[in-house]
Structures are given as structure tokens and as C-alpha cells.
Amino acid sequence: AEYIHLENGFSSPQPTPTFEALQGHQRDINNGLSFYMRRRQASDHAAVKQALAELAGVPADEIVITRNTTESLGTVIHGRDLAPGDEAVMCNQDYGSMLEQFRQQSKRRGLKLVDVDVPLHPKSDDDVVGAYERAMTSRTKVMLVSHMINISGHILPVKKIAAMAHARGVDVIADAAHSFAHVNYTVPDLDADYLGASLHKWLSTPLGAGLLYVRKSKIANVWPLLGET
């Protein structure tokens with residue numbers, strides 16, 4: 001009675017059926033241990049991945065389940081082979097952990113970072129697209145775009161930005177942490193090459209669940225963070 005949850009930035013509260021299902025699943029794993037891991041884990045994971053792919057509107061072989069948006073987009077930011085002098089475009093309102101990962105790549109690989117000032121009160125989508133376009137050069141290789149800026153709630157015209165970037169041969173990374181399962185769309189609607197989201201935000205899954213989408217033609221361009229087992 002003395003506490004009302006109004007802030008869903010980190011995560012949304014799990015509905016009671018979800019929380020109870022999680023507890024039941026943990027109990028089943030604890031009771032089964034190796035039996036569960038060897039007999040059921042793979043099929044359970046595949047079923048969840050298929051359901052998530054259907055919700056996202058993409059094939060299951062274009063997504064992986066991660067722990068959060070930071071891990072999802074970090075896989076792409078650190079996994080792309082970028083050379084010294086290559087440029088990455090991003091907005092100064094993008095999420096801090098994404099910007100920090102790009103800064104790390106700048107220190108490590110000599111990647112040049114280019115900041116965009118997104119207008120706070122654009123007159124049209126063209127104002128936003130133009131801001132990103134003016135930041136690009138012939139050395140631009142990748143662009144980070146927040147679908148919904150977490151600071152202001154501003155929804156950016158990602159599809160229009162992507163069309164402009166693709167015309168110049170630039171890949172687009174979409175940060176959909178605060179739009180997935182919050183705004184009515186599917187992943188192909190944005191036409192991004194890579195997309196990350198945190199499922200424990202607006203989808204209200206248990207904590208520690210994220211989504212990484214990679215366009216099939218781009219999968220070979222990304223080194224995984226961990227080797228396969």
C-alpha cells in the first residue's frame with residue numbers, strides 16, 4: 001500500500017502467472033538437473049525462440065536470446081571487424097552503455113565516433129533523417145539509432161534513417177530496448193541490419209532476457225563474444 005511501481009525503465013513487474021511459471025520451471029530444473037539439461041533444455045529453448053521470432057516477425061535463425069540490450073548490441077559493436085579510421089555515427093542521447101562500448105572500440109581499434117544532435121522538437125521526420133545524413137562521410141561504416149530514446153521517449157523514424165544509410169552502404173544498428181513490445185511494430189518494419197531489445201522491460205519476462213536480431217546476410221560479419229560449445 002505504501003509503494004506504487006511507476007518506473008519501468010529497468011524492468012517491468014512480471015504478471016503473477018509469469019512469476020509462478022518461472023518458479024515452477026526453476027523447481028523442475030533443480031529436480032532434474034542433468035536429466036533436464038540433456039533431455040529437455042534444447043527443445044524448450046527452441047520453442048521459446050520460435051515464439052519470440054513470431055512475435056518479432058522474423059525467422060528464428062535470425063535471432064538469439066541474450067541477457068539484455070547491452071549484451072545484444074555489444075555483440076555487434078565488438079563483433080564487427082572495423083579498421084582504424086572507420087567511422088561510426090551515433091546520437092548523443094543514445095543509451096550510455098552503448099556509447100561506452102563504442103568508446104572502447106575507439107580506444108582499441110581507432111574507430112572514429114561521430115555524434116549527432118537529434119532535434120528535440122523536429123518539424124518533420126526529414127529533420128531527424130537530415131541530422132544523421134549530415135554526420136556521414138565516405139568512411140562511415142555503421143550507425144546506431146535508438147528507436148525510442150530512453151531519456152525523452154522520442155520515437156525516431158528508424159526506417160527512413162535506414163533507407164538513407166543503406167543507400168550509402170552503411171549498416172544500421174537499432175536500439176529497441178524501450179520500443180519492443182511497447183510500440184506496435186515488428187522488426188522488419190524498421191529495416192535495421194541489427195536490433196537489440198530487453199525482454200524484461202515492456203514484455204514483462206523474467207529478469208535477464210534479451211533479444212538480438214541480425215539480418216541473415218549480415219550474420220557472417222559478426223564475431224560472437226564467446227566460442228561455440
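Begin by selecting strand β2 (residues 87-91) together with β4, which pair in the parallel sense over three bridges. The model on screen is a predicted one. Within this pairing, display Ala 88, which stands opposite Val 142 in β4.

Extend the selection along β4, which spans residues 140-146. Six of the seven residues of this strand are buried, leaving β4 mostly covered. Next add strand β5 (residues 171-175), which pairs with β4 in the parallel sense over five bridges. Here Val 145 has Ala 174 in β5 as its bridge partner. To follow the connection between these two strands, select helix α7 (residues 158-167); β4, α7 and β5 make a right-handed β-α-β unit.

Remain at β5 and show the side chain of Asp 171, then that of Lys 218. The two side chains meet in a salt bridge, with an N to O distance of 2.9 Å. Lys 218 lies in the segment after β7 (210-214), whereas Asp 171 belongs to strand β5, so the pair ties together parts that are 47 residues apart in sequence. Both Lys 218 and Asp 171 are buried. Adding Arg 80 to the selection completes a network in which salt bridges with shared partners join Arg 80, Asp 171 and Lys 218.

The structure holds 12 salt bridges. For another of them, move to helix α5, which covers residues 96-109. Select Glu 100 and Arg 103, whose salt bridge has its closest N and O atoms 3.1 Å apart. Both residues lie in α5, three residues apart, or about one turn of the helix. Glu 100 is partly exposed because its relative accessible area is 42%, and Arg 103 is likewise classed as partly exposed at 38%.

While helix α5 is still in view, select Gln 101, which is also placed in this helix. Is Gln 101 buried or exposed? Its relative accessibility is 13%, and Gln 101 therefore counts as buried. Leaving aside residues up to four places away in sequence, display what Gln 101 touches: Thr 70, Gly 74, Ile 77 and His 78.

For the last stop, select Arg 40 and Asp 44. Their side chains meet in a salt bridge, at 3.8 Å from N to O. Asp 44 counts as partly exposed because its relative accessibility is 26%; Arg 40, with a relative accessible area of 35%, is partly exposed as well.

Notes: Residues are numbered from 1 along each chain as its sequence is written. This is a predicted model: local features need pLDDT of at least 70, side-chain atom pairs count only at pLDDT 80 or more; totals for chains, interfaces and linings use all residues. Side-chain values use heavy atoms; hydrogens and water are left out. Helices (H or I, at least four residues) and strands (E, at least two) are DSSP runs, numbered from the N terminus. Buried means under 20% relative accessible area, exposed over 50%, partly exposed in between (1.4 Å probe, protein chains only). Contact means heavy atoms within 4.5 Å. Two strands pair if DSSP finds at least two bridges between them. A crossover is right-handed if, with the strands pointing away from the viewer, the path from the first strand over the helix to the second runs clockwise. A salt bridge is a side-chain nitrogen of Lys or Arg within 4 Å of a carboxyl oxygen of Asp or Glu.
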